[in-house]
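Let's take a walk through a protein together, starting with the overall view and ending with a few individual residues. Have a look at the picture first.

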Amino acid sequence: GRVTSAQDLSLAFVGSGRVLEVRHKVGDRVSPGEPIVILDQSDVLAQLAQAKANAASEKARLADLTAGTRPEELAIKKTAVAQAQSDLANAYTSVAPTLEGAYIMANDSVRKQANDMFANADSASPQLTFNTSDLQAQIDTQSKRYSSGLELNSWRAELNALAGASTTNIQLEQELVASSGHLNVIHSFLSRLNDALNKANASGTGTSNFKAEITVAGTQVATAITNVNNASQAVSNKKLALQNAQDSLNLSLAGATKEAINAEQAQTDAADANVQNIQAQLNKTVLLAPIRGIVTRQDAKVGQIVSPGAALVGLISEDSYEIDVNVPEVDIGKMTVGDKVDITLDALSGETFEGKVFFIDPAETVIDGAVNYKVKIAFDKSDPRIRSGFTANLSIVTQTKENVLTLPQFAILQNDQGIFVRELSGGTTKDIPVTLGITSKDGQVEIVSGITEGQQVINVGLKTQ
């Protein structure tokens with residue numbers, strides 16, 4: 001196989017232009033959203049300034065409309081205000097149940113999913129039940145477990161206080177903010193716990209279970225954060241909608257006609273859309289890094305005129321490598337995702353790395369007329385010495401059995417009647433039916449039944465001179 005970057009990207013501009021600035025060269029590390037190449041923006045900036053001025057002018061005209069108001073228009077505006085008030089009230093009504101659900105998920109994540117990973121979990125001195133090589137993560141995790149328990153207790157008390165009939169909307173909004181803070185503390189705890197678990201000194205069923213539990217806990221807390229944010233956003237949106245409805249009513253009460261308002265509103269929307277369109281064009285003059293990675297190619301030069309779609313920059317993900325290997329069709333049926341892999345690299349001779357199969361392509365790849373299937377291997381641990389392009393030699397363990405009865409393959413007979421071994425008894429031979437198990441890479445075949453240990457059979461396939 002061959003070591004490849006988990007992400008290997010070629011970046012290009014969607015439009016043409018003259019290169020104004022090259023921020024990064026080959027070998028530089030970049031972060032997501034960081035500019036790599038910038039085109040000349042002077043023309044687009046001028047267009048944007050003009051578009052913003054036009055939008056401001058249209059909004060001023062909309063505000064200046066003071067024509068008389070018709071009764072039916074006022075009725076519509078009042079209905080919109082009433083509907084917006086009802087929507088806002090419903091948004092506030094859903095806050096308490098949302099916060100209660102978020103608390104339940106957060107409490108389950110800390111006190112159930114992560115509970116097996118601690119001794120004295122809810123005490124002032126919780127201790128990890130597994131060893132980790134990341135001592136700082138261990139210290140942080142134990143401290144944050146104690147803090148998370150306090151946060152949950154405080155949160156529970158706050159939610160109990162919300163159950164009163166006199167709870168105000170302001171209190172609900174304040175609790176949304178407070179709940180986000182509680183969840184941030186718990187999310188930080190789970191993140192550090194995951195760091196400690198990723199560097200656990202032992203592997204096996206226990207560690208695997210812990211990883212499964214931390215995954216569930218992380219998903220629950222992420223869901224809780226999303227739900228609380230959505231509830232907060234819903235309240236903000238409904239308040240804004242109510243304010244907009246009220247402003248529209250006030251404008252109508254001031255004398256503006258429905259037709260005049262709609263016409264000018266359309267002009268304002270068109271002006272805003274034009275601003276957004278030019279802003280999008282401005283954004284396209286900057287080539288941004290979509291991932292954290294290393295620049296592997298930089299063909300842009302200051303003053304150069306670039307063409308749309310012409311690849312200028314190459315980028316690979318940093319410290320994230322995998323191995324691509326083509327497996328013949330005769331072997332692919334034995335493999336499953338999760339199989340353990342022992343890896344040696346020609347560039348790092350004498351060392352063995354561990355990994356796992358994480359992807360098996362369902363479609364075939366024909367190489368020199370032979371059917372193969374692309375398989376991807378992930379390293380269990382990252383290593384800064386590993387480079388993209390290294391040649392990898394892989395030993396994929398598909399099944400292991402200990403203390404089994406075996407025979408070499410050339411002692412096995414197979415014909416239309418079944419599978420046999422041949423025994424020599426009293427000068428004559430006798431075929432004994434056998435049931436086979438797995439075959440090792442060195443040609444040993446497992447005998448499940450038919451003969452017993454110590455019984456002598458003929459090496460029927462052994463060549464003699």
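What follows goes from the whole chain down to single side chains.

One thing to keep in mind from the start: this is a predicted model. The protein has eight helices and 22 strands. With 465 residues, the globule rule would give a radius of gyration of 23 Å, but the value here is 34 Å, so the protein is more spread out than a compact globule. You can get a feel for that from the box its C-alpha atoms fill, which is roughly 120 × 65 × 50 Å along the principal axes.

How much of the protein is buried? Buried residues come to 33% of the 465. The exposed surface adds up to about 26100 Å², and carbon and sulfur atoms supply 50% of that. As for how the chain meets itself, take the contacts with a separation of 6 or more: residues 24 or more positions apart account for 72% of them.

Now for the charges. The protein carries 39 positive and 52 negative ones, and the mean positions of these two sets are 3 Å apart. Side chains of opposite charge can pair when their charged atoms come close. How many salt bridges does a search of the whole structure find? The search turns up 22.

A good one to look for joins the side chains of Lys59 and Asp272, with 3.5 Å from N to O. Lys59 sits in helix α1 (residues 42-64) and Asp272 in helix α7 (residues 258-283), so this pair ties together parts that are 213 residues apart in sequence. Lys59 counts as partly exposed because its relative accessibility is 45%. Asp272 is also partly exposed, at 22%, and the cut-off for buried is under 20%.

Further along the chain, Asp331 and Lys334 form another salt bridge, and their closest N and O atoms are 3.5 Å apart. Which of these two residues is exposed, and which is partly exposed? Lys334 is exposed, with a relative accessible area of 52%, while Asp331 is partly exposed at 30%. The line between those two classes lies at 50%.

Then there's the pair of Asp431 and Arg422, whose closest N and O atoms are 2.9 Å apart in their salt bridge. Asp431 is partly exposed, with 34% relative accessibility, and Arg422 is partly exposed too, at 28%.

Salt bridges can also be joined up into something bigger than a pair, and here's a case. Arg111, Asp122 and Arg145 are linked in a network of salt bridges.

Let's finish with the backbone, and with two residues that have a positive phi. Asn120 has a phi of about 55 degrees although it is not a glycine. Where is Asn120 placed? Look in the loop between β6 (118-119) and β7 (127-128). Asn120 is exposed, with a relative accessible area of 54%.

The second residue is Asp368, which is not a glycine either, yet has a positive phi of about 50 degrees. To find Asp368, follow strand β14 (348-367) to its end and look in the loop that leads to β15 (370-379). Asp368 is exposed as well, with a relative accessible area of 80%.

Note on methods: Residues are numbered from 1 along each chain as its sequence is written. This is a predicted model: local features need pLDDT of at least 70, side-chain atom pairs count only at pLDDT 80 or more; totals for chains, interfaces and linings use all residues. Side-chain values use heavy atoms; hydrogens and water are left out. A salt bridge is a side-chain nitrogen of Lys or Arg within 4 Å of a carboxyl oxygen of Asp or Glu. Helices (H or I, at least four residues) and strands (E, at least two) are DSSP runs, numbered from the N terminus. Buried means under 20% relative accessible area, exposed over 50%, partly exposed in between (1.4 Å probe, protein chains only). The radius of gyration is taken over C-alpha atoms; the globule rule is 2.2 Å times the number of residues to the power 0.38. Contact means heavy atoms within 4.5 Å. Accessible areas come from the Shrake-Rupley method with a 1.4 Å probe; for residues, only the protein chains shown count as cover. Lys and Arg count as positive and Asp and Glu as negative; His and the chain ends are not counted. The place of a charge is taken as NZ of Lys, CZ of Arg, CG of Asp or CD of Glu.
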